[in-house]
Amino acid sequence: MNYLKFAAAASLLVLAMATAVSAQDVQIYPGAKQFTPPASEKAMQAMPPGATETIYFTHDSYSKVVAFYRSLGKVRTPPWLKKGATLPSGQPLKETIFIFDGSTTLTFSKSWAKIQKPYVGAIDLEGSTPDYHDVRDVTAIFIIQKKPGEWPEK
């Protein structure tokens, strides 16, 4: 029984250390709490090989979180990011992307973040209509980092 407790504690320590290392280059918004979404095949397919994504939640306002990251990186708006998007409920979907390593595009960046409110856990397409799941009224911070050599590099 004690062995199982020790193994569980050791596993949690290793996971915590791996998370700290993966997000070490990016300052985390003060008070934000790490969120681990349920594992799913869709989520695993969304990240390119060699990339890590760590998600944090805060109840602070979207504008306050964006102001914090504006002092750390440059805003980049990829062509696929739709401004003025709304959920079926009418709630606006706010998103801002920051690049921290001086790259001009997400393709070549090794370190970037997306700030989003509300958090949307999954989107399925029912024909041409998106179906949103696990919508939470929080400001979500997605920190994405890649290992050198895994994506195209400039």
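Three salt bridges are present in the structure, a salt bridge being a side-chain nitrogen of Lys or Arg within 4 Å of a carboxyl oxygen of Asp or Glu. Side chains of opposite charge can pair when their charged atoms come close. The model is predicted: local features require a pLDDT of at least 70, side-chain atom pairs count only at pLDDT 80 or more, and totals for chains, interfaces and linings use all residues. Residues are numbered from 1 along each chain as its sequence is written, and side-chain values use heavy atoms, with hydrogens and water left out.

One salt bridge joins Lys-114 and Glu-95, with an N to O distance of 3.2 Å. Lys-114 belongs to strand E5 (residues 111-117) and Glu-95 to strand E4 (residues 94-99), so that distant parts of the chain, 19 residues apart, are linked; strands (E, at least two residues) and helices (H or I, at least four) are DSSP runs numbered from the N terminus. Both Lys-114 and Glu-95 are buried, where buried means under 20% relative accessible area, exposed over 50%, and partly exposed in between (1.4 Å probe, protein chains only).

In another pair, the closest N and O atoms of Lys-117 and Asp-137 are 3.9 Å apart. Lys-117 lies in strand E5, whereas Asp-137 occupies the loop between strand E7 (129-136) and strand E8 (139-146). Asp-137 is exposed, at 54% relative accessible area. Asp-134 and Arg-136 also form a salt bridge, at 2.8 Å from N to O; Asp-134 is partly exposed at 33%, as is Arg-136 at 31%.

The chain has an average pLDDT (the predictor's confidence in each residue, from 0 to 100) of 78.
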